[in-house]
Each structure stands twice: as C-alpha cells, then as structure tokens.
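Hi everyone, thanks for coming. I'd like to walk you through one protein model today, a few helix pairs and a few residues at a time. Have it up on your screen and follow along.

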Amino acid sequence: MTNPDFKLSPDLIPSDGRFGCGPSKVRQAQIDAVVNGAHDVIGTSHRQPAVKNVVGEVRDGLSELFSLPDGYEIVLSLGGATAFWDAATFGLINNKSAHLSFGEFSSKFAKASKQAPWLEEPEIVEGPAGTSPSPSELDGTDADVVGWAHNETSTGAMVPVTRPEGLNADQLVVVDATSGAGGLPVDISQVDAYYFSPQKSFASDGGLWLAAMSPAAIERIAAVKESGRFIPAFLDLQTAVDNSRKNQTYNTPAVATLLMLADQVKWMNSNGGLDGMVERTTKSSSTLYNWAEAREETSPYVADAASRSLVVGTIDFDDSIDAAVIAKVLRQNGILDVEPYRKLGRNQLRIGMFPAIDPADIEILTRAIDAILDAGVANK
C-alpha cells in the first residue's frame, strides 16, 4: 500500500537534496557571489566595465575550461538554447541541415530547420527514445550544418562529439550541449558550435546561451549576414559575435545569472578543470547505474551502457512499483526534482548528476530509495 508520508532516517538525507536536471543545484558560494556583487554590479549598466568584466571573466573561464583551440571564441546572447535553434536557422545554416534526433530536445533543432521556409528539407536520422544514434550515420551528408545533442536531457542518452567522416571545411558541426557541457568529455576541435544554457552543469539560471565557436562558424555567420537574408535583430548571430567581443550582450542580461555562472566556472577550473568535473560525474553515474543494475525492481532506462549519460540518469522501475510515489516520498523528505521528464511518460526517476552535486549525495540517495522500496510504501 502506498504511503507518501514515509519518514526517512537522518542518515538517508543527502547534504543537499537538489537533484533536478535543470534548473539544477546551485552552490552556496554562487549565491554568495550574487550577494557580494549586488552593490557594485546588479542594478548598474551592462554597457559599463563592472558588468562587462563579469562577462569577460565568464568568456575567459570557459575558454580555459574547454581548452579552446586557436581562433575559437566564446559567444553569448540571450534566450537560452531554444533561441539558439531559431538563430541558427537564420544565421548559421546556409541551405540545408542534417540532424540526429533521439529525444525531445535533439528533435527541436531539426523541427526548427524543417519549418524554416528559406531552407531546404533537412536530413533527419531518428533513433528511438533511450537510444543514441552515432554521428557516423551522418557520414557523407551534403548538408552544410550537421547537428545533434551531446546529451539528451529527456532520456539520459549521450552521443559523442565526433566530426562525421567525409565532411569538408564548409560543413559545420553544431552540437547542443545544454546538459552536457561542463560534465561530459569533449574535444572542441571536433565541433564548430558547441552551444549550451547555464542552468545545468553550470549551476546558474536560464535565459542565456553560450557557444564555443570555430573560425569556420564565425565566417559562416558573417557570410549569411552579408547575403542579405532577413534576420530578426534578437536572433542575429553576427550581432551576438560583435557584442561578445566587447564582453556584452545585445540587450540587457540577467546579471545575477552571470555572477553565478562566473563563480561556477571559476570553481570548475580550480577543481581540475573539465577532467576534474568529468571525474565527479563519472563517479556519481557509476554509483547510480551500478545500484540500479543490482536491484531487482530497477534498471537503467538506457540499455547501452556506453550511451548512459554521466550527468542525467534515468532509472526505470518494475510495474509493481509506483515511481511517482517514490518521488513524492523523497520530496516530502527534502529530496527534490527526481520526477521523470513529463513527456516521456515512463515509470521512472530522472536524477541530475551535474558537477555541483556531491557524488556522496548520489550514494545516499540510492540508499534512501532502497529504504522506500524495502518498506513497501511504493508498492502498487
């Protein structure tokens, strides 16, 4: 019989109960960075040095984190990854794009390209939810932009960032790294635009997009702009490039977001850089998946172990268990946001394992779920 009022013992309560997949856990030091910067930065002009210095700190820190190759730049603007998909249809795709589509978010860039009447019909390689198609499926494409998601946030499946075979210098690789950037390994030389929002591994708020862009991507943006194609001002990637080089955005940014982001990037670089962050997410994800495989009632949703995300873990439960009750019990005990992605509609939990989340807390979370299962309070 279900009992959402089940009380967990104190030793089963993580040090921080936030396991959401975005917005995700924010470290206290990031909150302190906002408070400490409030009088000097928040409420001042974003065209003046105080705010521009924060943007510059973010850009320099991300350049260090991703070990950007020569000529690559960090570009940023407002609107999040959702805005970037539309911006790319206006200012990055020349004629035709090709996409790997294997979940809710990887499908959205493909949909945006398909709906743009000035572009040719895109090539779309679809994979079932919970699987990860290979970039090699786009080998030899004639598209001038090829794209996929590094990490499918809805399912917890990840795809490596590897340039497909047979692409020439005029064919750009554009990867949505919204939930993967900062928590998954990446060789930026394999991609021309590696774009993301900061509310996941970077433990900040949304409403902003950032991208590591290659010289080829910068050149494409300029060429499309010069072609005379109509581009809405808010979605103009050339405007984003020009403003980023001045350490500012086209319109007013959320400065608190920038302060939290700058502190998180500094923390990441001070704790081993990208390799150190991947070490943390690997430890967390190994704990979660090993636990799920060991229990009779649970299993990782992503069947292929090599495709299981290091930062977003989806765990299926046997039909005899009500995963929604488990999520309710956890929430009532201060353990938050482990509900599954709403549109996936599975009897599962989805658990964020971003760098800011202590791997020890993932282990405590699994023991908390053990206690709920062993007590039978989530049995149907």
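Let's look at where helices α5 and α6 touch. On the α5 side you have Ile218, Ile221, Ala222 and Lys225, and they meet Leu237, Gln238 and Val241 of α6. Keep in mind that this is a predicted model. To find the pair, go to residues 215-226 for α5 and 237-244 for α6; their axes come within 9 Å and cross at roughly 125 degrees. How do α5 and α6 sit relative to each other? They are oblique, because angles from 35 to 145 degrees count that way unless they fall between 65 and 115. The crossing of this pair, α5 and α6, is left-handed.

Now compare that with another pair, α9 and α10. Helix α10 covers residues 359-375, and the axes of α9 and α10 come within 11 Å, crossing at roughly 120 degrees. So α9 and α10 are oblique to each other as well. Here, though, α9 passes α10 in a right-handed crossing. If you want to see who does the touching, zoom in on Ile326, Val329 and Leu330 in α9, which meet Leu365, Ala368, Ile369, Ile372 and Leu373 in α10.

One more helix pair, and then we go to single residues. Helix α2, residues 49-65, packs against helix α7, residues 255-270, at an angle of about 35 degrees, and the two axes are 9 Å apart. This crossing of α2 and α7 is left-handed. The contact list is a long read, so I'll just pick some: Val51, Val54, Val58 and Leu62 are among the α2 residues, and Leu258, Ala262 and Val265 are among those from α7.

Let's stop at one of those, alanine 262, which lies in helix α7. Is alanine 262 buried or exposed? It's buried: its relative accessible area is 5%, and buried means under 20%. If you skip the neighbours within four places in sequence, alanine 262 is in contact with Val54, Glu57 and Val58. Here's a nice one for anyone new to folds: alanine 262 and glycine 56 are 206 residues apart in sequence, and their C-alpha atoms are 9.2 Å apart in space.

For a contrast, try leucine 344, in the loop between α9 and β12. Leucine 344 and serine 285 are 59 residues apart along the chain, and their C-alpha atoms are separated by 21 Å. Leaving out residues up to four places away in sequence, leucine 344 touches Ala129, Ser154, Thr155 and Tyr301.

Next to serine 285 in the numbering is serine 284, which is found in helix α8, residues 273-294. Serine 284 is buried, with a relative accessible area of 0%. Beyond its sequence neighbours within four places, serine 284 is in contact with Met353, Ile357, Pro359 and Ile362.

Okay, on to what the UniProt record says. It's an unreviewed entry, and it places "domain: Aminotransferase class V" at residues 45-335. Over that stretch, residues 45-335, the chain is 37% helix and 16% strand, and the end C-alpha atoms are 39 Å apart.

The same kind of unreviewed annotation puts "modified residue: N6-(pyridoxal phosphate)lysine" at Lys200. Where is lysine 200 in the fold? It lies in the loop between β8 and β9. At 9% relative accessibility, lysine 200 counts as buried. Apart from residues up to four places away in sequence, it touches Cys21, Gly22, Ser24, Thr153, Thr178, Ser179 and Phe354.

UniProt also lists "binding site" residues, again unreviewed: Ala81, Thr82, Phe105, Thr153, Asp176, Gln199, Asn251 and Thr252. They are spread over 172 residues of sequence, and in space they reach up to 28.2 Å between C-alpha atoms. From this list, Phe105 and Asp176 are included in the lining of the largest cavity.

Let's take two threonines from that list. Threonine 153 is in the loop between β5 and β6, and at 6% relative accessibility it counts as buried. Among its contacts, leaving aside neighbours within four places in sequence, are Cys21, Phe105, Ser179 and Lys200. Threonine 82, on the other hand, is found in helix α3, residues 80-91. And threonine 82 is partly exposed, with a relative accessible area of 49%.

That's my tour, so have a click around and find these spots yourselves.

Methods: Residues numbered from 1 in each chain as written. Predicted model: local features only at pLDDT ≥ 70, side-chain atom pairs only at ≥ 80, totals over all residues. Heavy atoms only, no water. UniProt positions renumbered as here; feature names shortened; annotations may be inferred. 1 Å grid on protein atoms, 1.4 Å probe; cavity = no way out; pocket = protein on both sides within 12 Å on 5 of 7 lines; lining within 4 Å. Helix = DSSP H or I, 4+ residues; strand = E, 2+ residues; numbered from the N terminus. Buried < 20%, exposed > 50% of the residue type's maximum accessible area, 1.4 Å probe, protein only. Contact = heavy atoms within 4.5 Å. Axes fitted to C-alpha atoms, helices over the stretch in contact; angles between N-to-C directions. Left-handed = near helix turned anticlockwise from the far one by under 90°.
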